[in-house]
Amino acid sequence: DADHFAIDPNATSPTGSAGALGISQGAGRHWFWSANVNTMTPDYEVSDLGFQRRADRIDVQTIVEYQDNAPGRVVRQWNGFFGPLVEHNYAGDNISDRLFSGASVQFLNYWRVGLNLTAAPWPTIDDRLTRGGPLTLRPRYSNGSIGISSDPRSPLVGSVNVFAERGDANTSNSASASLTIRPQPQWDVQFGPRIGRDEITAQFLDRVADPSATNTFGARYVFADLKQTVFSLDTRVNYTFSPALSLQAYVQPFIASGDFGSAKELAARRTFDFLVYGEDVGEIVNDTIYPTGQSSGGVSFPVPQPDFNVRSLRGNAVLRWEWRAGSTLYLAWQQTRDDEVGVGDFELRNDLRALVRQRPDNVFLLKVSYWLNP
């Protein structure tokens, strides 16, 4: 249902444009404000140059901030901010309205606490949920995070961050932490575990052409609830033997599981309503979905079974030796392990055991550079 752009099959290069305009002012010693306008036309594309989240947008954002950098009896410095953001696409659809606020406090002992809150107080339009299909509603939501970090000058530095989001489309909870240990100047050891749980109301699965689906322009857009759990642990070890010789190592185990619910379809454009197959609409017979009933002679398709458990391990180690001024030798080792099964249950101990049993791929690399004229 978008009529403000079209695909040109004869195009050989992108022709879009993007721009940003910002203005800011520091009003006195404590108050600051800024206003920004950002835009990307529908045909703007820079994926060959870098990451682009989306195009076809115009957003306006303002921020008002208060800062106090004068140390007191307890607090060294603190700040707080608030600002709204309004975003539309080039058809004039209101695709996002958000309110941002937050505060940060640093104490005299250099510990810091930060709080961030975001709210989308009313529904807007979602022009991406159906992956190119009709517009839907984007339900309202709110989220917040709080983080605590210790004195960065200490040999033992830690931080903890907790995030939560609530809304009709998504419920999310995650926690992450980091610990940096520097027992001696030549050592730097870092651990960063993270675990997150998402419950998504409408995870896109498929588009099935069906002329009888007049409410959604001749196609059925298939979704399902998704319960997803993700765990990762980043570990880094750096050791400096001498100014000319050092060792860096990194390893990250990653485990994710996804448990999908019953398949359902979008009921109508510009809504967030869904019809569950076999309950609200159609029939399911022998793992086959008949959206209009088996006897109607209409389209049919298999019941999606996308449950998954993904396990991976990424690790590498690099020994760097500057054996002559300007001349360096690198010895690198990389190991990867990958495994995927269609289970959907998150069992951390079992997943880690399965990952350890997985056959690894090892790559060794030797690189030598020589400076001809030091």
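A pocket, as the word is used here, is an open set of grid points with protein on both sides within 12 Å along at least five of seven lines, and its lining residues have an atom within 4 Å of a point. The model described here is predicted.

**Pockets**

The second largest pocket is lined by 17 residues. Ala6, Ile7, Pro42, Asp43 and Tyr44 are the lining residues nearest its centre. The largest pocket holds about 750 Å³ of space. Asp126, Leu129, Arg138, Tyr141 and Ala169 are the closest to the centre of the largest pocket, out of 29 lining residues. The table sets out both pockets.

| Pocket | Volume | Lining residues | Nonpolar | Polar | Charged |
|---|---|---|---|---|---|
| Largest | about 750 Å³ | 29 residues | eleven residues | six residues | twelve residues |
| Second largest | about 380 Å³ | 17 residues | eight residues | four residues | five residues |

Several strands contribute to the lining of the largest pocket. At least two lining residues come from each of strand 5 (94-107), strand 8 (136-138), strand 9 (141-149), strand 10 (156-167) and strand 12 (187-209).

**Nonpolar cores**

In soluble globular proteins, nonpolar side chains tend to be buried together. The largest nonpolar core in this model consists of nine residues: Leu129, Ala202, Phe204, Ala219, Tyr221, Phe223, Leu266, Phe272 and Phe274. Strand 12 and strand 13 (219-242) each give at least two residues to this core. Strand 13 provides the largest share, with three residues.

Leu129 belongs to this core and is also among the residues closest to the centre of the largest pocket. Which residues does Leu129 touch, not counting residues up to four places away in sequence? Its contacts are Thr136, Ala202, Phe204, Phe223 and Phe272.

A second core, separate from the one that holds Leu129, has seven residues. Among them are Val208, Tyr277, Ile289 and Phe301.

**A three-stranded sheet**

Three strands form an open sheet in the order 16-17-18, and their pairing is antiparallel. Strand 16 (283-285) and strand 18 (301-302) are the edge strands. Each of these two has a single partner strand, so one side of each is left without a neighbour in the sheet.

Strand 16 and strand 17 (residues 288-290) run antiparallel and are joined by three bridges. Which residue of strand 17 is the bridge partner of Val285? That partner is Thr288. Ile289, a residue of the second core, falls within the range of strand 17, residues 288-290.

Technical notes
Residues numbered from 1 in each chain as written. Predicted model: local features only at pLDDT ≥ 70, side-chain atom pairs only at ≥ 80, totals over all residues. Heavy atoms only, no water. 1 Å grid on protein atoms, 1.4 Å probe; cavity = no way out; pocket = protein on both sides within 12 Å on 5 of 7 lines; lining within 4 Å. Points joined across faces, edges and corners; volume = space filled by probe spheres on them. Helix = DSSP H or I, 4+ residues; strand = E, 2+ residues; numbered from the N terminus. Nonpolar A, V, L, I, M, F, W, Y, C, P; charged D, E, K, R; others polar. Pairing = 2+ DSSP bridges. Core = buried A, V, L, I, M, F, W, Y, C linked by side-chain atoms within 4.5 Å. Buried < 20%, exposed > 50% of the residue type's maximum accessible area, 1.4 Å probe, protein only. Contact = heavy atoms within 4.5 Å.
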